[in-house]
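Hi,

Here is the structure I promised to pass on. Have a look, and then read my notes underneath.

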Amino acid sequence: MGKKSSSYVISIPKKTFWLTFLPLCVLLFTVGGLAGFFVVDRFVMPKVVGVQRDMVATPNLAGMDREAARNKLFGVGLLTEERGREFNEEVAEGAVISQFPEPGEMVKKGRKIAVTLSRGPEAGTVPVVRGMNEGRARNEMRRAGFSVGSVRRTWSNQTLDAVIETFPPAGTITSRAMNVDLIISRGPKPTHAVMPNIIGESLSEARSKVEAAGLKVGKVDYKNNPSVVPGTVLSQSAAPGAKVPLESSVDITISAIR
């Protein structure tokens, strides 16, 4: 006689099946489904689509002015950072010469894209600003691509605060990397100056005030005065407020301890 095959039956009580086994299976299937969705969404789909949801392609900004470039970047969720300005014979002044990252490179939204703007051709013609006030002259220089260097004021028959001359002179073709100095009128040269009050000042402060008034410090005497800090002006040869010939010398006495 052949052997009888054995069979086994797993018996689960109905109550255990409905309250424990079935909910556990549902939970496992749900967790597995969510895990699979996460893996596909984060790792599989980006490779299939070629880009992650928070990534964008850097647009090409070449030749755009700064505002247009800023708006284009903002439209795709990116920001602008000006890296600097360089002379360029082919790209218009204020337009984008180069950018980093390069066009088409994938970057995260919110990233700053560094742009280098053109200063236009390096050579420029110094504009005519004679007769303008300092503010207008500076604006005119800026429009021509130049920066103002030193500003010197001198006596002149030209209108007070008007530009007398520039260096280099107007009409000069030169590198726009070179600053242009302004010489500005102080008005007609006066014959007299008003003597400032320098009593109580230090020698250096007194000298600065005297020279600013158009006068010069002449003879300096020293007088023993222990009640005053050494180096303090005790007296001046011209009274404060007095009108004295322009560029004349003023004698002063300084305190000293001997």
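Below is what turned up in it, sheet by sheet, with a surface patch at the end.

Before that, the ground rules: this is a predicted model, so local features need pLDDT of at least 70 and side-chain atom pairs count only at pLDDT 80 or more, while totals for chains, interfaces and linings use all residues. Residues are numbered from 1 along each chain as its sequence is written, and side-chain values use heavy atoms, with hydrogens and water left out.

One sheet is open, has three strands in the order β2-β5-β3, and is mixed in its pairing. (Strands are DSSP runs of E with at least two residues, helices are runs of H or I with at least four, both numbered from the N terminus; two strands pair if DSSP finds at least two bridges between them.) β2 (79–86) and β3 (96–100) are the edge strands with a single partner each, so each has one side without a neighbour in the sheet. Ignoring direction, neighbouring strands are turned by 25 degrees against each other on average. Helix α2 (residues 66–75) packs on this sheet and touches β2, β3 and β5, its direction making about 150 degrees with that of β2. Contact here means heavy atoms within 4.5 Å; axes are lines fitted to C-alpha atoms, for helices over the stretch in contact, and angles run from 0 to 180 degrees between N-to-C directions. β2 runs parallel to β5 (residues 112–118) over seven bridges, and T80 sits opposite I113 in β5.

Another open sheet of three strands goes β12-β15-β13, also with mixed pairing. Its edges are β12 (216–224) and β13 (233–236), each with a single partner, so one side of each lacks a neighbour in the sheet. The twist from one strand to the next averages 25 degrees. Helix α4 (residues 203–212) packs on it, touching β12, β13 and β15, at about 155 degrees to the direction of β12. β12 and β15 (residues 249–256) pair in parallel over seven bridges, with N224 opposite A256. β13 and β15 are antiparallel over three bridges, and V233 has I254 as its bridge partner. Six of the eight residues of β15 are buried (under 20% relative accessible area), so this strand is largely enclosed by the rest of the structure.

Finally, the surface: L24, L27, L28 and V31 make a nonpolar patch with about 390 Å² of accessible area together. V31 belongs to helix α1 (residues 14–49).

Cheers

How values were computed: Patch = residues over 30% accessible without salt bridge, like charges linked within 9 Å, V, L, I, M, F, W, Y side chains within 5 Å. Areas by Shrake-Rupley, 256 points an atom, 1.4 Å probe, with all protein chains shown as cover. Salt bridge = Lys/Arg side-chain N within 4 Å of Asp/Glu carboxyl O. Buried < 20%, exposed > 50% of the residue type's maximum accessible area, 1.4 Å probe, protein only.
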